[in-house]
4 protein chains.
Amino acid sequence: MKKRAARPQSKNEESPKERPAKKQARFAVADAEFASRVRQSFNRQGLMKYLGAELVELTAGHATIRVPFRAELTQQHNYFHAGVSGAIADSACGYAAYTLMPTDSSVLTVEYKLNLLAPADGEELTARARVIRSGRTLKICTADVHTRKNGKDVHCATMLATIMCLPGKSDRAG
Amino acid sequence: MKKRAARPQSKNEESPKERPAKKQARFAVADAEFASRVRQSFNRQGLMKYLGAELVELTAGHATIRVPFRAELTQQHNYFHAGVSGAIADSACGYAAYTLMPTDSSVLTVEYKLNLLAPADGEELTARARVIRSGRTLKICTADVHTRKNGKDVHCATMLATIMCLPGKSDRAG
Amino acid sequence: MKKRAARPQSKNEESPKERPAKKQARFAVADAEFASRVRQSFNRQGLMKYLGAELVELTAGHATIRVPFRAELTQQHNYFHAGVSGAIADSACGYAAYTLMPTDSSVLTVEYKLNLLAPADGEELTARARVIRSGRTLKICTADVHTRKNGKDVHCATMLATIMCLPGKSDRAG
Amino acid sequence: MKKRAARPQSKNEESPKERPAKKQARFAVADAEFASRVRQSFNRQGLMKYLGAELVELTAGHATIRVPFRAELTQQHNYFHAGVSGAIADSACGYAAYTLMPTDSSVLTVEYKLNLLAPADGEELTARARVIRSGRTLKICTADVHTRKNGKDVHCATMLATIMCLPGKSDRAG
């Protein structure tokens, strides 16, 4: 398996922020076209669209998902519901892991734990995930969720997740 | 603190299934009016309404939330997204715990862990939560999530959660 | 894979309590000799011996480990340390899962979560584990830990764990 | 509560490595004498002594515990048992949190999750914990566990834990 830098995705997709080379170099990429494969999978997730979530950053071993505030996403105190934090952090972990999987594979969340650190009271919610251990079958990932209010970021949740690679099973086949 | 049976909620709400008396008797109820208090809180959760989720059962220490399938709730393989399982299981745990809290209190999820057991491939998704340890400040809860397809239930996820009681803070005050 | 009943283990090992047939029948057993294989693995765990832990019950998909109180196993309040609860619950989950794995396989803990429910203040500590989902590669297990004091059991911890089967890798090879 | 820098502990205790000022400044210290209070509590943990564990570093919001390899600490493949990783990471999280608690308080682990990343095959095992969110009642902590073999560190486990402060309850009173 040859280690390559992540290729930029096509022009009509949002350009990811650049990560320092040191972090990118940590992981072996099995599929140089991972970005389009991951984005196609993300775009098939009905829930991400319904929540208004966007995949705003994607590099090898990293993914960031952001969702703007809407009253439809709240818990009883009018903050983002923990379920929204959980959903975008789970998808971010899954896709961070999926960047490192082979072309002909499917991605599955085995489990995740979410600790809520502060009320998710803000104008948008951002989950930044990264792979911390990339095994062949299992990838262990973390995600940090921040909410932004009046230009200030608050760390409101953190996730520790186990993601599984199902080889030889296309992500398209349900 | 006097232990009382749960009162039935108002007529225009779905009647909860009866739980065996043995299970109801396990917990001390601090607020005989817990059912209306919990349902009002549930109804203020924008996300539950947006997902189409209903609080279909509520007794002391137990809560069940159900959501019918919609394409808006899916992951890339057209099953329920794990984020939906997480969101309804989290709310079910929180409200199972909230049934046991005093009138003038607010409920907060500290953390939860969700293990996914099988694809959530079905016509509806149901999270049944119960309190397994009711401390004054912290309540430890579990939830099991089942999906129903062609009349058959499949156990698709299980949650272990820590819920916190914030005394003297009304649930209404954001 | 043929489903068989668990065979009794050899006479010089402690006889397991009988489980109801209904529960035993839930899982397919790939290795009729699982009991001796599991006990040999348990006996190679230096930590279990050092803690004074015994594998007191073993049937298909279930394992129970017990440890008597000693001052060497305490936290600062002279109760069992949570690390002891974690260690025996982890081993119990691993061996409950290992009963269902093929002869030529090795067992690995992927992750576990432990919720502490009450002080582990007692004369002995018992972790009872069972498999709740038996996939080919991953087995999801729960364990409940009770402490016994003056003849009364207290539920002091609960674990939710993910256990992995490594096929074709003998448990003996380090 | 006044924010103060951590005071050095007494001379007969191991000197902690210096942390960058930026990290120390993140947390408000309620008890300038936290180091001796924490070390006295650690020394009362029978299990830590029995495992051969030492508290090798302690600053405000951080604690590091190390244990040398012994055959008594192994699982069936002769690596450190996951229970040892769990025990020292749990104590490290608890004591990282306890540095930030008031004099007259006691510390309690609510729950922890441990993900195992690689075999703990080495000459020693080190758990480094830090507080990532310091609430009045609950402190959320992470710990990373490394094993050292032939001069090389391997990241073998990571923990995410919830620690509780019990105010007005001395740590000495069992």
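How do S3(C) and strand S3 of chain D pair, and over how many bridges? They run in the antiparallel sense, and five bridges hold the count. Keep in mind that this is a predicted model.

## Strands side by side

Let's look at that pairing a little more. Strand S3 of chain D covers residues 105–116. One spot to find in the structure is C:Leu114, which stands opposite D:Tyr112 in S3(D).

Now hop over to chains A and B. Here S3(A) is joined to strand S3 of chain B, again residues 105–116, by five bridges, and these strands run antiparallel. A residue to look for is A:Asn115, which has B:Glu111 of S3(B) opposite.

## How chains C and D are related

Take chain C, turn it by 180 degrees with 0.0 Å of shift along the axis, and it lands on chain D with an RMSD of 0.0 Å. The two copies are therefore related as by a two-fold rotation axis. Want to see where that axis passes chain C? Look for C:Lys113: its C-alpha is the one in chain C nearest the axis, at 2.0 Å.

The copies also meet through the same surface, because 100% of the interface residues of chain C are interface residues in chain D too.

## Where C touches D

The contact brings together 40 residues of chain C and 40 residues of chain D. Between them the two chains bury about 3,100 Å², with 52% of that on carbon and sulfur atoms. Three residues of chain C stand out: C:Tyr50, C:Gln76 and C:Tyr112 give 25% of the area that chain C buries against chain D, more than any other three.

What about charges and polar groups? There are zero salt bridges between chain C and chain D, but 21 residue pairs are in polar contact across this interface. Helix H3 (46–51), helix H4 (82–98) and strand S3 (105–116) of chain C each put at least two residues into the side that touches chain D. S3(C) gives the largest share, ten residues. Sorted by class, that side of chain C has 17 nonpolar, 16 polar and seven charged residues.

## Where A touches B

Chain A and chain B put 40 residues each into their contact. About 3,100 Å² is buried between them, and carbon and sulfur atoms give 52% of it. On the chain A side, A:Tyr50, A:Gln76 and A:Tyr112 lose the most area to chain B, together 25% of what that side buries.

Zero salt bridges turn up across this interface, while 21 residue pairs of chain A and chain B are in polar contact.

How values were computed. Residues numbered from 1 in each chain as written. Chains lettered and ligands numbered in written order. Predicted model: local features only at pLDDT ≥ 70, side-chain atom pairs only at ≥ 80, totals over all residues. Heavy atoms only, no water. Least-squares fit on C-alpha atoms with pLDDT ≥ 70 in both. Contact = heavy atoms within 4.5 Å. Buried area = accessible area lost by both parts, 1.4 Å probe. Salt bridge = Lys/Arg side-chain N within 4 Å of Asp/Glu carboxyl O. Polar contact = N/O pair within 3.5 Å; in protein donor to acceptor, adjacent residues only side chain to side chain. Pairing = 2+ DSSP bridges. Helix = DSSP H or I, 4+ residues; strand = E, 2+ residues; numbered from the N terminus. Nonpolar A, V, L, I, M, F, W, Y, C, P; charged D, E, K, R; others polar.
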